[in-house]
Structure formats: structure tokens, C-alpha cells
Amino acid sequence: MFKMSASLVPPAFSQHASNLLQRVQQGASRVELVYTTHDRWPCRPSSPLDSANPLRISVVDSSFNPPTLAHLALANIPPHPPGLVSLDLPSLNVAREDYDAKLLLLSVRNADKVLKPGDASQVQRLEMMYLMAKELVSSTQVIAQESNVAVAIIDEPTFAGKSTALTQYLFSRLQALHSSESQSPMKPLKPQMTFTMGYDTLIRLISPRFYPSEGDMHQALKKFLSSAMEDCNIVCARRPPTGPDSLSQAVSESQTLETFERIIGEKRVSLVNIGEDEQTYSSTAVRTKVQAADNSWMGVVLPNIAQYIEQASLYSVVQSLS
């Protein structure tokens, strides 16, 4: 079942990922951490377990079929004030504030995506996420011993459901860490998640067709994003310009932010540029180019993931979903 060489993905990780995937699929748990850079995640290895400040966690939730450089750019977005529309392109040469922890998240069932013939299996996606997490560790601006990245799976199809399940899981994990390590009377850290996503995903969040009713949509979004409830934020990658009329794009983005603010009652969404090339990359394009034997796809993914795709013969032929 596991085709990868040990030089890319350790066989023990593949078996571990498969076992945890079965637990989630069988309903034994809603969330499982498949990989962490250390045992104290989401706390940094040397950070205190109690603080008045929230523990800020960046969440990249995607199908990862396969992970691209756009996913990497999303994972590397620094914190932004809610409501911001940033036109600046990212710079890797400037020291910047970062999240306390990062999470790459795969849902075993998404609201609008079904596993198709030719797709990477979920274990294969977790293996590629592992490779991406390793790249995040090596490229982070903090020393390797302080890197704080995890890969997880979840059995929730919607962002509101994912937020609730992750919030409960993180509170429980932080409480357990606090009980085992700290004698402080202070409460354990409070997690505050920021979901990073593409613009199409952002639009789906305010599309009533993905909810039983518009009222249900408003209720779900308030629970997800309100500072009085689960207190999540969204940082969204701006779309690439589709023509000379940048004004219409700006108007559309402004209307989208206003819709979220009207529903939530506060600013909880920001829009940022992730790079002129990165904002054009898509997993769909990679799969299409692999099938067409167009090797330009290799410039859209990390080198280790390109090697993985080639070794596993992904996307070039119809794969078994077993």
C-alpha cells in the first residue's frame, strides 16, 4: 500500500497516518494529530503554558491534492489585522512576526469535494503534507528547535464544524499539557485560530447554498468568527488580476469584506497578496499538466513533492483509491 522510499517519507509515518485515518473514518475520534515537530505542540518547546495572550495558530485547511507552492505561501502568511486589504507582495528577506504554531489540516470529507478516480489517496496526501511540513520547518525564521508545525486530520466538512472540533481538541490538549507540566494557578493558554484560504473558498463561506438556510449560514459564521464565541480569524489570498480593470476586483473584495462584517458584527477577515506567481497556482492545474505530460507542473510544487509525485506515478494514470 505504501509506495514511497524511506528517503522521502518514513514507512513508520505512513503506517501511523493510515491507522489514525481509520480511527477518524470509523468515528473513534474527530481530530488526530498525524505529525508534530515536538510533543508540546501547539506550544513552542520552551514557551510557558500559561499567558494572558492567546496562542495564535495558523490553519491551512485544504485538499492537498497535491500541495503546491500556493499552499506553502498560505502557510507562511504572517499575522494580519482583521479587515486589512494588503497590496504588498510578501518578502522573505524581512524579519516579521509569526504565528505561535502552524497546522496543515486535511478533512476526510469536505462539503464540496469528493474523492475522484485519479486523485491521490488520503494517506498519500498526508505523506505530501508531511513533506511540506518538513519544508516549513527548514524555511522558518526561528531556530529549528523552536519550529512548531503539525499535520492533522479531521472529520468535519465545514469550516464552522472544523473550528468547533479543533477548538475543543486544542483546549483539551492544552489543559492536559498544563496539568502535566505547570504548577501555576493561571488558566492554560487559550487557542486563537486563523484560517488561511483562497478567495474562492472565502466566497463559498458566504454562499447560502452550502447551508440549510441563510439563517443557518449567519449563525454558523457568527459562532466560527465572533470574538465572543470561537474567536477565529480568516486571512485570504487575493485573486490574481483577470484583466486591466483592477477597480472591479477591488470593489468585489470590498463588498465581500463588508458582507462578513455585516454578518459577524466586526472585522474578522483580511485579504493579502501571496505573490504574483503563487496566486495563480492550483492543484487542479498540476493534475491536468501531469496527465498531459507537461513538465511545467514541477515548478508549481516543492522539489520533494515533485519527486514524490513521480515516484508514486500520481495523476499520470488512474490510481486505485484503496
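1. Let me start with a tyrosine in this predicted model. Tyr 35 comes out at 13% relative accessibility; the cut-off for buried is under 20%, so Tyr 35 counts as buried. Tyr 130 goes the same way: its relative accessibility is 9%, and so it is buried too.

2. These two tyrosines belong together. They make an edge-to-face aromatic pair, with 5.2 Å from centre to centre and 80° between the planes. The contact ties together distant parts of the chain, since Tyr 35 is in strand β1 (residues 31-36) and Tyr 130 is in helix α3 (residues 122-139), 95 residues apart. Phe 13 joins in as well: ring pairs link Phe 13, Tyr 35 and Tyr 130 into a cluster.

3. Now for another ring pair. Phe 159 and Phe 224 are stacked, because their planes meet at 20° with the centres 6.3 Å apart. Here, too, distant parts of the chain are linked: Phe 159 belongs to helix α4 (residues 159-181) and Phe 224 to helix α6 (residues 214-225), with their positions 65 residues apart. Both phenylalanines are buried. Have a look at Lys 162 while you're there: its charged end sits over the ring of Phe 159, 5.0 Å from the ring centre. For the whole structure, the search turns up five aromatic pairs.

4. On to the sheet. Seven strands form an open sheet with mixed pairing, in the order β1-β4-β3-β2-β5-β6-β7. The edge strands are β1 and β7 (269-272); each has a single partner strand, so one side of each has no neighbour in the sheet. On average, neighbouring strands are turned by 25° against each other, direction ignored.

5. Which way do β1 and β4 run relative to each other, parallel or antiparallel? They are antiparallel, and five bridges join β1 to β4 (residues 149-154). If you want a residue to click on, Glu 32 has Ile 153 in β4 as its bridge partner.

6. Two helices are worth checking against the sheet. Helix α1 (residues 11-25) lies across β1 and β4, running at about 170° to β1. Helix α4 also packs on the sheet, where it touches β1, β2 (55-61), β3 (101-107), β4 and β5 (191-198). The direction of α4 makes about 145° with that of β5.

7. Last, helix α8 (residues 283-291). Its buried residues are Ser 283, Val 286, Arg 287 and Val 290. Seen down the axis of α8, they fall within an arc of 95°, so they line one face of the helix. Part of what covers them is α2 (69-75). After α8 comes Ala 293, with a positive phi near 60°.

Key
Residues numbered from 1 in each chain as written. Predicted model: local features only at pLDDT ≥ 70, side-chain atom pairs only at ≥ 80, totals over all residues. Heavy atoms only, no water. Buried < 20%, exposed > 50% of the residue type's maximum accessible area, 1.4 Å probe, protein only. Helix = DSSP H or I, 4+ residues; strand = E, 2+ residues; numbered from the N terminus. Arc of directions from axis to C-beta. Contact = heavy atoms within 4.5 Å. Phe/Tyr/Trp six-rings, centres within 6.5 Å; stacked < 30°, edge-to-face > 60°. Lys NZ or Arg CZ within 6 Å of the ring centre and 35° of its normal. Pairing = 2+ DSSP bridges. Axes fitted to C-alpha atoms, helices over the stretch in contact; angles between N-to-C directions.
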